[in-house]
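Visitor: I have a model open on my screen and would like a guided look at it. Could you take my questions one by one?

Guide: Happy to! Let's have it in view.

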Amino acid sequence: MDARQLLKIKHTSACDRGRCFCETTRYVLIFFISMGVFGGEFVGARVAGSLSLFADSFHTLMDGVTVLPSVGVAFYAAYSARRQKEKGLRRFVALISSVLLAGVSYYILREAWERYLIPRAVDSFVIMVVAGTALIGNGIALWVLGSREDWSHAIKHRGMTYHIVSDLAKSAR
């Protein structure tokens, strides 16, 4: 059974009129999965004292933050007569993501410098448990996106799938 059948995601009569939200539904689910993985990694990073797990938790947060505005833009574009504004909204979302990324990068670099000067021990068992949980979360996210036939037509869907596959491989290493 694939994700579309289990999650009851199917095309409706609105899909025939160009207002299909089937993919958007999947992206919303991906957002919630990403936020769950972020929460687990963030707490795990604090418990284990791991900066790399902390950095990965914010990587997952940024994945989720960039998915949710895209959902909003997709809804707006489907109901808007002016598709020109979609580009401006996407650029605004990219600007917000860039500012958040710069702030997180600054924090991670500052923390890494402090840990270089005064090293701290980390709990490797907690890191392994959290990495296993992230692996499962990324696997579920990939399953929700669907099979290759489902995403061959949309570049955004294909890009998201490749990104989740790379996150999956990262969690498995």
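Visitor: Let's start with F58: is F58 buried or exposed?

Guide: Keep in mind that this is a predicted model. The relative accessible area of F58 is 17%. The cut-off for buried is under 20%, so F58 is buried.

Visitor: What kind of aromatic pair do F42 and F58 make?

Guide: F42 is partly exposed, at 27% relative accessibility. The ring centres of F42 and F58 lie 6.0 Å apart, with 80 degrees between the planes. Planes over 60 degrees apart fall in one class, so the pair is edge-to-face.

Visitor: How many residues apart are F42 and F58?

Guide: F42 belongs to helix 3 and F58 to helix 4. Their pair links distant parts of the chain, and the separation is 16 residues.

Visitor: The structure holds eight aromatic pairs; what kind is the one between F38 and F42?

Guide: Both residues sit in helix 3, four residues apart, which is about one turn of the helix. Their rings are 5.7 Å apart centre to centre, with 35 degrees between the planes. That angle is neither under 30 nor over 60 degrees, so the pair is tilted.

Visitor: Which residues form one aromatic cluster with F38, F42 and F58?

Guide: We have already met F42 paired with F58, and F38 paired with F42. The cluster also takes in two further names: F54 and Y107.

Visitor: Which helix gives the most to the lining of the largest cavity?

Guide: The largest cavity has a volume of about 30 Å³. Its lining includes F54, Y107, E111 and R115. Helices 3, 4 and 5 each supply at least two lining residues, but the most, three residues, come from helix 5.

Visitor: How many charged residues does that lining have?

Guide: Among the lining residues are R46, E111 and R115. By class, the lining of the largest cavity has four nonpolar residues and one polar residue, and the charged ones number three.

Visitor: Is E41 buried or exposed?

Guide: E41 is found in helix 3. Beyond its sequence neighbours, E41 is in contact with residues including D56, T60 and V130. Its relative accessible area is 3%, which is under the 20% cut-off, so E41 is buried.

Visitor: And which residues does K170 touch, leaving out those up to four places away in sequence?

Guide: K170 is found in helix 8 and counts as partly exposed, at 23% relative accessibility. Its C-alpha atom is 9.1 Å from that of A131, 39 residues away along the chain. The residues K170 touches are D56 and H59.

Terms used. Residues are numbered from 1 along each chain as its sequence is written. This is a predicted model: local features need pLDDT of at least 70, side-chain atom pairs count only at pLDDT 80 or more; totals for chains, interfaces and linings use all residues. Side-chain values use heavy atoms; hydrogens and water are left out. On a 1 Å grid over the protein atoms alone, a cavity is a set of points where a 1.4 Å probe fits but cannot get out, and a pocket is an open set with protein on both sides within 12 Å along at least five of seven lines; lining residues have an atom within 4 Å of a point. Grid points are joined across faces, edges and corners, and a volume is the space filled by probe spheres set on the points. Ala, Val, Leu, Ile, Met, Phe, Trp, Tyr, Cys and Pro count as nonpolar, Asp, Glu, Lys and Arg as charged, and the others, Gly among them, as polar. Buried means under 20% relative accessible area, exposed over 50%, partly exposed in between (1.4 Å probe, protein chains only). Contact means heavy atoms within 4.5 Å. Rings of Phe, Tyr and Trp (its six-membered ring) pair if their centres lie within 6.5 Å; planes under 30 degrees apart count as stacked, over 60 as edge-to-face and the rest as tilted.
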